[in-house]
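Thanks for coming. I will go through one model today, strand by strand, and then stop for the cysteines and a few single residues. Please have the picture up.

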Amino acid sequence: MSGLIVDTETGCFNNGQAFDARNKLCAVVMAQDSIAQVYRIEHGDEPYGEALQTVQDRLLASSLLIGFN
């Protein structure tokens, strides 16, 4: 069984407080089978809706999630 490793990078206003509206999801890093992919969310050149959909699809397809952060 191969797990999907997920790491998130966010803003750090107010010491990264989760309920501070200025903090945004900047990137999601996913790794599986020694292959890592970075999905830029808030600060990328591509529309972030597509990246969020891909992230959601990969999360839903995985039977084992390993969170980091």
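Let me start with one pair: glutamate 9 has alanine 27 in strand 2 as its bridge partner. That pair belongs to a larger set, since strand 1 and strand 2 run antiparallel and are joined by six bridges. I call two strands paired if DSSP finds at least two bridges between them. Helices (H or I, at least four residues) and strands (E, at least two) are DSSP runs, numbered from the N terminus.

Before going further, the ground rules. This is a predicted model, where local features need pLDDT of at least 70 and side-chain atom pairs count only at pLDDT 80 or more, while totals for chains, interfaces and linings use all residues. Residues are numbered from 1 along each chain as its sequence is written, and side-chain values use heavy atoms, with hydrogens and water left out.

Now the overall layout. The protein chain has four strands and one helix, and the order along the sequence is β-β-β-α-β. Its C-alpha atoms fill a box of roughly 40 × 25 × 20 Å along the principal axes.

Back to the strands. Strand 1 covers residues 4-10, and strand 4 covers residues 65-68. Those two pair in the parallel sense, over four bridges. One of the pairs is leucine 4 with leucine 65 in strand 4.

Strand 2 covers 25-32 and strand 3 covers 35-40. They run antiparallel, with six bridges between them. Valine 29 stands opposite valine 38 in strand 3. As general background, side chains in a regular strand alternate between the two faces of the sheet.

What do strand 2 and strand 3 form, and how many residues lie between them? They form a hairpin with two residues between them. In that loop, aspartate 33 has a phi near 55°, which is positive in a residue other than glycine. Serine 34 sits in the loop between strand 2 and strand 3 too, and its phi is near 65°, again positive in a residue other than glycine.

Is aspartate 33 buried or exposed? Aspartate 33 is exposed, at a relative accessible area of 55%. Serine 34 is exposed as well, at 84%. For the cut-offs, buried means under 20% relative accessible area, exposed means over 50%, and partly exposed is in between, using a 1.4 Å probe and protein chains only.

The residue I would look at in strand 2 is methionine 30. Methionine 30 counts as buried because its relative accessibility is 0%. What does methionine 30 touch, leaving out residues up to four places away in sequence? Its contacts include Leu4, Ile5 and Val6, and also Val55, Arg58 and Leu59. Contact here means heavy atoms within 4.5 Å. Methionine 30 and leucine 64 are 34 residues apart in sequence, with 13 Å between their C-alpha atoms.

On contacts for the whole protein chain, take those between residues at least 6 apart in sequence: 39% of them join residues at least 24 apart. Of the 69 residues, 23% count as buried.

Next, the cysteines. A disulfide is a covalent bond between the sulfur atoms of two cysteines. The rule used here asks for a pair of cysteine sulfur atoms within 2.5 Å. By this rule the count comes to zero disulfides. Cysteine 12 is in none, and the nearest cysteine sulfur, in cysteine 26, is 8.5 Å away. Why does cysteine 26 not bond to cysteine 12? Because their sulfurs, at 8.5 Å, are too far apart for a bond. Cysteine 12 itself is exposed, with a relative accessible area of 67%.

Aspartate 20 lies in the loop between strand 1 and strand 2. Aspartate 20 counts as buried, at 13% relative accessibility. Not counting residues up to four places away in sequence, aspartate 20 touches Phe13 and Asn14.

Last, the helix. Helix 1 spans residues 48-61 and contains glutamine 53. Glutamine 53 counts as partly exposed, at 41% relative accessibility. The C-alpha atoms of glutamine 53 and serine 63 are separated by 18 Å, and the two residues are 10 apart along the chain.

That is the tour; I will take questions now.
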